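Here's a quick tour of how a protein meets DNA and how two helices pack. Have the viewer open as you read.

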Number of protein chains: 2
Amino acid sequence: MDVRESLLKATVKVFAEAGARGATTRRIAQEAGVNEVTLFRHFKSKDDLLECALRTLAELAADRKLPDIPADPVAELTEWARDHHRMLHKYRALIRKTMGEFEENPSLCACTCSATIKMTSDLADYLKTLQLRGLAHPGFNTHAAAAMLMGALFADAISRDAMPDRFPYSMKESVDLAMPLFFQAIGLTTRKKS
Amino acid sequence: MDVRESLLKATVKVFAEAGARGATTRRIAQEAGVNEVTLFRHFKSKDDLLECALRTLAELAADRKLPDIPADPVAELTEWARDHHRMLHKYRALIRKTMGEFEENPSLCACTCSATIKMTSDLADYLKTLQLRGLAHPGFNTHAAAAMLMGALFADAISRDAMPDRFPYSMKESVDLAMPLFFQAIGLTTRKKS
DNA sequence: CGAGCAAGCAAGTAACCACTTGCTTTTATC
DNA sequence: GATAAAAGCAAGTGGTTACTTGCTTGCTCG
């Protein structure tokens, strides 16, 4: 593996464990199996390294997309939500750290946020299409509904290990329990269109 | 104001701005208008100070309660959600920082989490009562529904300033938009019981 | 007034941090 | 096998951090 590549990978790992201040260049270099000086030969500063690492990660995390034309909304939304929830959970530590960095290091935060913003807007578009095709209640605000589902998945994935009492069911179950509530909220019948 | 008290207050403020590592004892003492040495005369270490500060804050943040016997569920839930959302938003920076501290400083995290855990369980109880009294759909999982609403409010309050594009409506509107969706989800009629 | 306590102040300690410099060793390429 | 680029290594610099020590000042209470 390329040295630069392994440095980026190590940075993501150490940052997720220790945050921006805790991710020392020493520790990152050690994790990458590389001399600390080499780190500074590839990146002009620690901030530069952090930003590169998070940016490339956000680019890689290109996700499943919702179809433009809904065929089986219940199945499509359920599968999409499961994927998204899985990804949020995988990167939960890193997401928590970047959110904490918002005031001090907004550019880092923006890297991680970009993916979420795009997905929420995609979801809102999909819901709008459902409304226009008469597959969902016409009255609700699609942005609010999208934010609600995204928020529920987000909070579950992020805070699950910090407060296990609050989630007395497994990660897999949680999506299965949340989705019917969401379908009910937007007026989507749980039976598949045949 | 008592020296100890002003130190606790300053700690909360500085921690919310800069996180655990960024909240230096120098900066906290300065914010409190107190000599740094005095800080160490009142608290045996920085960690001790942080934990005391967050713990007393969590105790103060005792919130509005849902009634044991639902009278006007729509109004009661709406007002409760508005209050909770307002509080989350007020402490959003501090909450983001404590969440980022989960791996390195779980005891700090536990202070802030305790309030949320209690409120979620109260909400779930209230929803259960609605079900038992035939005021809501009997089928849904009350824990999942509670987690969903709490999650939606949480995500809105916490990430609103990090990604304004995702929330194209004001903070006040957001609760008003989310609640009807939630009522629909749990099968609560939006008309008041007269 | 006078004893005792709380706070201020100056200075210092030991550790850690990002980052640099000068030099040697490895590795790839022609 | 020569050449050059990339990586390792030892050491150091200047800054910051939590926390300590010794001494002085001010305030309170009897």
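## Ground rules

A polar contact here is a pair of N or O atoms within 3.5 Å; within protein, one must be able to donate a hydrogen and the other to accept it, and residues adjacent in sequence count only if both atoms are side-chain atoms. This is a predicted model, where local features need pLDDT of at least 70, side-chain atom pairs count only at pLDDT 80 or more, and totals for chains, interfaces and linings use all residues. Residues are numbered from 1 along each chain as its sequence is written, chains are lettered from A and ligands numbered from 1 in the order written, and side-chain values use heavy atoms, with hydrogens and water left out.

## Touching DNA strand D

A polar side-chain atom of A:His42 sits 2.9 Å from a phosphate oxygen of DNA strand D. A:Asn35 also reaches a phosphate oxygen of strand D, with a polar backbone atom at 3.0 Å. A:Arg41 goes for a base instead: an N or O atom of its side chain is 2.4 Å from a base oxygen.

Zooming out, 18 residues surround DNA strand D (near means a heavy atom within 4 Å), and among those that come nearest are A:Thr38 and B:Lys46. By class, they split into six nonpolar, seven polar and five charged (Ala, Val, Leu, Ile, Met, Phe, Trp, Tyr, Cys and Pro are nonpolar; Asp, Glu, Lys and Arg charged; the others, Gly among them, polar). Of the strand D atoms within 4 Å of the protein, 55% belong to sugar or phosphate and the rest to bases.
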